[in-house]
Amino acid sequence: MDKILEVKDLRVSFNTYAGEVKAVRGVSFELSPGETLAFVGESGCGKTVTAKALMRLLQPPFAVIKEGSSVRFEGTEVMDMDKKALRAYRGNDVSMIFQDPMTSLNPTMTCGKQIMESLILHKGLTKEQAREEAIETLRLVKIPDPEKRVDEYPHQMSGGMRQRVMIAIALSCQPKVLIADEPTTALDVTIQAQIIDLLRELRDKLNVAIILVTHDLGVVANFADRIQVMYAGQVVERGTAHEIFYESRHPYTWALLNSVPKLGSEIKQELYSLGGTPPDLLLPLECCPFAARCEYCMPICREKNPAEEKLSATHGCACWLLHPNAPKVKTFQERLAEQK
């Protein structure tokens with residue numbers, strides 16, 4: 001299958017008063033049409049920065065995408081696009097659903113006008129045509145009574161409906177790639193499930209590729225085709241959803257899995273909490289970034305950053321525990337099986 005998006009060695013830094021913060025450190029991945037790829041990790045691991053870099057939404061000189069970073073959309077290098085090409089690329093080819101719809105939506109404009117903006121800009125529709133298209137898009141994302149809602153302001157809607165409006169804006173021009181940045185944040189679990197079901201339905205109906213940014217593995221369990229686990233600005237493990245949930249090999253992935261409540265567990269135990277804090281991204285981090293928090297840390301972990309080792313065609317992991325000379329430890333899945 002042809003790759004619609006190819007990212008190689010993406011590096012992003014922020015220039016601050018304290019020095020250069022290396023927020024993204026050599027992230028690479030590919031995306032195929034109709035596929036869902038999830039970025040998973042704690043807050044501050046570089047998920048959102050990676051997503052914004054794909055659309056070149058980071059503003060220099062504060063934020064800098066380093067030389068050598070490559071983002072190719074259908075074979076075209078996004079980093080070389082001029083303003084005109086970039087304007088056509090954003091919203092038309094690749095769209096983004098931002099984290100908080102209350103702050104991302106313009107409170108002074110009706111929801112309909114905010115959808116119509118991109119239709120007029122990218123599709124060249126008249127205001128009347130754009131309004132009809134906006135109503136149809138609201139109907140597509142299952143907002144009731146779209147003829148009325150198109151003239152309402154964001155504050156007149158609930159959190160779930162505002163999120164649906166954000167999805168409608170992102171889908172209005174029928175993009176080929178949709179980036180969903182924490183689309184279920186601050187929503188109750190029932191609405192979260194509805195939003196994920198909606199994204200799944202739209203993916204299958206429109207064949208749009210989705211990049212889902214989240215800190216919650218539970219959200220992506222039955223939605224993502226592939227998962228990339230990020231820590232300190234780099235990918236520590238990647239694989240299919242099955243490989244990450246049932247064959248994961250990185251201690252950080254185990255920690256994320258262990259922190260998800262398990263329904264039907266016969267053993268009552270306190271919910272796991274990962275101790276320590278992420279490393280300072282002002283530092284060069286030439287060792288394993290997870291070493292200070294890892295219960296399996298070895299001397300080599302504090303000396304050198306492990307390279308990614310391929311475990312299968314789709315599964316890769318960067319951890320010294322995979323080295324032949326490393327002591328054998330029980331995986332999260334093996335320990336879970338012993339508890340049953």
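A search of the whole structure, which is a predicted model, finds one cavity of 30 Å³ or more. The largest cavity has a volume of about 80 Å³, and its lining is made up of 13 residues, among which P251, C288, C294, C301 and C319 lie nearest its centre. By residue class, this lining consists of twelve nonpolar residues and one polar residue, with no charged residue.

Among the open spaces, the second largest pocket holds about 520 Å³. Its lining comprises 21 residues, and those nearest the centre of the pocket are G91, F98, E117, S118 and I169. Two or more lining residues are given by each of strand β7 (94–97), helix α4 and helix α7, with the largest share, five residues, coming from α4. The lining of this second largest pocket is divided into eleven nonpolar, eight polar and two charged residues.

Helix α4, which spans residues 111–123, has 13 residues and reaches 18 Å from its first C-alpha to its last, close to the 18 Å expected at 1.5 Å a residue. The residues C111, G112, Q114, I115, M116, S118 and L119 of this helix are buried. In general, residues three or four places apart in an α-helix point the same way, because such a helix has 3.6 residues a turn. The cover over the buried residues of α4 includes three other helices, namely α5 (127–140), α6 (146–149) and α7 (159–171). Helix α4 is followed by G124, a residue with a positive phi, near 70°.

The largest nonpolar core has 105 residues, and L5 and I227 are those with the most contacts inside it. Helix α7 gives the most to this core, contributing seven residues. When residues up to four places away in sequence are not counted, I227 touches L37, A38, V40, L217, V220, E237, R238, G239, A241, I244 and F245.

Several features of the backbone concern loops. Most residues other than glycine have a negative phi, and most peptide bonds are trans. A cis peptide bond, with omega of about 5°, joins P60 and P61, and P61 is placed in the loop between α1 (47–54) and β4 (63–65). Positive phi values in residues other than glycine are found at E74, where phi is near 50°, and at A232, where phi is near 55°. E74 lies in the loop between β5 (70–73) and β6 (76–77), whereas A232 lies in the loop between β10 (226–231) and β11 (234–240). E74 has a relative accessible area of 44% and is therefore partly exposed, while A232, with a relative accessible area of 6%, is buried.

Three further residues illustrate contacts made beyond the sequence neighbourhood. V260 is placed in the loop between α11 (251–258) and β12 (309–310), and it counts as partly exposed because its relative accessibility is 23%. Although V260 and G218 are 42 residues apart in sequence, their C-alpha atoms are 6.8 Å apart in space. Leaving aside neighbours within four places in sequence, V260 is in contact with L217, G218 and L271; L217 is also among the residues that I227 touches.

T184 is located in the loop between β8 (177–181) and α8 (189–206). With a relative accessibility of 6%, T184 counts as buried, and its contacts, again without neighbours within four places in sequence, are with Q163, Q192, I195, I196 and V219. T253, by contrast, is found in a helix, α11, and counts as buried at 0% relative accessibility. On the same basis of leaving aside neighbours within four places in sequence, T253 is in contact with V229, E237, I244 and S248. Of these, E237 and I244 are also included in the list of residues touched by I227.

Methods:
Residues are numbered from 1 along each chain as its sequence is written. This is a predicted model: local features need pLDDT of at least 70, side-chain atom pairs count only at pLDDT 80 or more; totals for chains, interfaces and linings use all residues. Side-chain values use heavy atoms; hydrogens and water are left out. On a 1 Å grid over the protein atoms alone, a cavity is a set of points where a 1.4 Å probe fits but cannot get out, and a pocket is an open set with protein on both sides within 12 Å along at least five of seven lines; lining residues have an atom within 4 Å of a point. Grid points are joined across faces, edges and corners, and a volume is the space filled by probe spheres set on the points. Ala, Val, Leu, Ile, Met, Phe, Trp, Tyr, Cys and Pro count as nonpolar, Asp, Glu, Lys and Arg as charged, and the others, Gly among them, as polar. Helices (H or I, at least four residues) and strands (E, at least two) are DSSP runs, numbered from the N terminus. The expected span of a helix is 1.5 Å times one less than its number of residues. Buried means under 20% relative accessible area, exposed over 50%, partly exposed in between (1.4 Å probe, protein chains only). Contact means heavy atoms within 4.5 Å. A nonpolar core is a set of buried Ala, Val, Leu, Ile, Met, Phe, Trp, Tyr and Cys residues joined through side-chain atoms within 4.5 Å.
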